[in-house]
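Visitor: Could you take me through this structure, one question at a time, with the reasoning spelled out?

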Amino acid sequence: MKTSLNLLVLSGDGIGPEVVDAALELLQYICEQEELDLNLTEDLLGGAAYDKYGTFCRDQTVETAKQADALVVGSVGGPKWDSLDIAGPPETKDGLMRLRKELNTFAGLRPCKCYTPLIQHTPYKDHIVKNTDIMVLRELCSGMFFGYPRGIDELADGSFQGYDANYYTSTEIERFARIGFELAQQRRGKLISMDKSNVTESGVLWRRVVNQIGADEYPQIELIHQYADNALYQMTMNPKAFDVVLADNLLGDLASDLAGTMAGSLGMLPSACLSTLNPDEDTLAGIYEPVHGSAPDIAGQGIANPMGMILSIAMMLQYTFKRPDLAEEIESAVVRTIDAGVTTPDLNGRSTTKQATQRIIAEYKQL
Ligand code: NAD
């Protein structure tokens, strides 16, 4: 266990700074209690960086990120920047995608739990969603989001054609599948891999490689393949049948937001972007960020749900700093805050971001 936490903080846009401030307030308290040295370096990412530097992520930010133990990221993007016409690969248009790629954090761990008091805020019946505990594992460094060829071409008749490639190598699928099997081993021993192998070649390769890794290296794990459309349907109808879900970049993006419906709000979901489940001194920093985006519709109102960001800090303590005990305590404090009904408006509560955060800190102190 490291006794100093050297973090690069990139609050980003919209509600990003609001939820990051909340999470850092709790982290500061925890570090004081545990006598951990907390060193924060702050920088801009996303639209905030574009407005100041004309780029969504500076080279200097990437270099600082490579030296950090971990990155704490809020959220990036917003209407002001989403429709800018910027040439170059996708990484030039999205600072977070650049960081994920540069740090090779190809494994996006997106856990989703349905806490009992929040069932009423989900669109599900109690018996369907109660005790749901899913880990969506989304591939983050390849696939549709990065693949080539891509573009928009004008055709001879004056109409246009837009296209993207869902590009995966067997090496990329192998390393990602191993993380999925490892996670399944640590959890309930079941891996559901989703793909579109009925209609795409990348899906055929995906299924073949995942099968091979399962048979050769993890025969004890129950591996189930589902076509993605059916997988999302099954996940909605019977979420408790799911443990670890393995999905490519695009399908994982969809699956993790669907999981948000089971948690009661997208604002509840944390995430970790990693290149290994067991980072050591030589591993590049992990990125810890909530699943949600910059929520322009509520930005600046002080009502964003901070729990997804706070639970992302718990994941950071668990994975990068090897303190699962602290991660568990944070989750307990969040659960107790929910039990007390201190929630933000996305969960039909009346609390502000600050009030919910103060209650989480107070609950943490009681543990
Ligand atoms: P979003 O996740 O920002 O918001 C979707 C809905 O969920 C909105 O109604 C929003 O108010 C609500 N919501 C999200 N987080 C919440 C929270 N913590 N508390 C309360 N309510 C919350 O998705 P969007 O509106 O499609 O995207 C907005 C911008 O964010 C876009 O520019 C998009 O590209 C970007 N985005 C960024 C990330 C990221 O930084 N990782 C992820 C997704 C979207």
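Visitor: How many of the eight residues of α5 are buried?

Guide: This is a predicted model, and what follows is computed from it. A residue counts as buried when its relative accessible area is under 20%. By that cut-off the buried residues of α5 are Gly95, Leu96, Met97, Arg98, Leu99 and Arg100. Helix α5 is therefore largely enclosed by the rest of the structure, and the number of its eight residues that are buried is six.

Visitor: At the start of α5, which residue has a side-chain oxygen that reaches the backbone nitrogen of Leu96?

Guide: Leu96 itself is among the buried residues of α5. Its backbone nitrogen is approached to within 2.9 Å by an oxygen from a side chain at the start of the helix, and that side chain belongs to Asp94.

Visitor: How far apart in space, C-alpha to C-alpha, are Gly47 and Asp94?

Guide: Gly47 lies in helix α2, which covers residues 47-53, and Gly47 is buried, with a relative accessible area of 1%. In sequence, Gly47 and Asp94 are 47 residues apart, whereas in space the separation from C-alpha to C-alpha is 8.8 Å.

Visitor: Is Asn104 buried, partly exposed or exposed?

Guide: Asn104 comes just after α5 and takes a positive phi of about 55 degrees, although Asn104 is not a glycine. Its place is in the loop between α5 and β4, the latter covering residues 107-113. Since buried means under 20% and exposed means over 50%, a relative accessible area of 31% makes Asn104 partly exposed.

Visitor: And is Asn348 buried, partly exposed or exposed?

Guide: Asn348 also has a positive phi, near 60 degrees, in a residue other than glycine, and it is found in the loop between α12 (324-339) and α13 (353-366). The cut-off for exposed is over 50% relative accessible area, and with a value of 63% Asn348 is exposed.

Visitor: What is the handedness of the unit made by β1, α1 and β2?

Guide: Strand β1 (residues 4-12) and strand β2 (residues 37-43) run parallel and are joined by seven bridges, with Leu8 standing opposite Thr41 in β2. Together with helix α1, residues 16-34, the two strands make a β-α-β unit that is right-handed.

Visitor: With which side chains does the side chain of Asp43 make polar contacts?

Guide: Asp43 belongs to strand β2, and at 14% relative accessibility Asp43 counts as buried. One polar contact of its side chain, at 3.1 Å, is with the side chain of Arg58, and another, at 2.7 Å, is with the side chain of Thr61.

Visitor: Which residue's backbone oxygen lies 3.0 Å from a polar atom of the side chain of Ser142?

Guide: Ser142 sits in the loop between β5 (133-139) and β6 (151-154), and Ser142 is buried, with a relative accessible area of 5%. The backbone oxygen that lies 3.0 Å from a polar atom of its side chain is that of Tyr167.

Visitor: Which residue is joined to Tyr148 by a cis peptide bond?

Guide: The partner has its place in the loop between β5 and β6. The peptide bond has an omega of about 0 degrees, and it joins Tyr148 to Pro149.

Visitor: Which residue in the turn of the β6-β7 hairpin has a positive phi?

Guide: Strand β6 pairs with β7 (residues 160-163) in the antiparallel sense over four bridges, and the bridge partner of Ile152 in β7 is Gly162. The hairpin formed by the two strands has five residues between them, and the residue in its turn with a positive phi, about 90 degrees, is Gly158.

Visitor: How much of the accessible area that the ligand has on its own does the protein cover?

Guide: Among the 21 residues around the ligand, those that come nearest are Gly78, Asp82, Gly293, Ala295 and Asp297, and the shell divides into nine nonpolar, eight polar and four charged residues. A polar side-chain atom of Glu289 lies 3.3 Å from a nitrogen atom of the ligand, while a polar backbone atom of Ala295 is 2.7 Å from a ligand oxygen atom. Of the 810 Å² of accessible area that the ligand has on its own, the share covered by the protein is 68%.

Terms used:
Residues are numbered from 1 along each chain as its sequence is written. This is a predicted model: local features need pLDDT of at least 70, side-chain atom pairs count only at pLDDT 80 or more; totals for chains, interfaces and linings use all residues. Side-chain values use heavy atoms; hydrogens and water are left out. Two strands pair if DSSP finds at least two bridges between them. A crossover is right-handed if, with the strands pointing away from the viewer, the path from the first strand over the helix to the second runs clockwise. A residue is near a molecule or strand if one of its heavy atoms lies within 4 Å of it. A polar contact is a pair of N or O atoms within 3.5 Å; within protein, one must be able to donate a hydrogen and the other to accept it, and residues adjacent in sequence count only if both atoms are side-chain atoms. Accessible areas come from the Shrake-Rupley method with a 1.4 Å probe; for residues, only the protein chains shown count as cover. Ala, Val, Leu, Ile, Met, Phe, Trp, Tyr, Cys and Pro count as nonpolar, Asp, Glu, Lys and Arg as charged, and the others, Gly among them, as polar. Buried means under 20% relative accessible area, exposed over 50%, partly exposed in between (1.4 Å probe, protein chains only).
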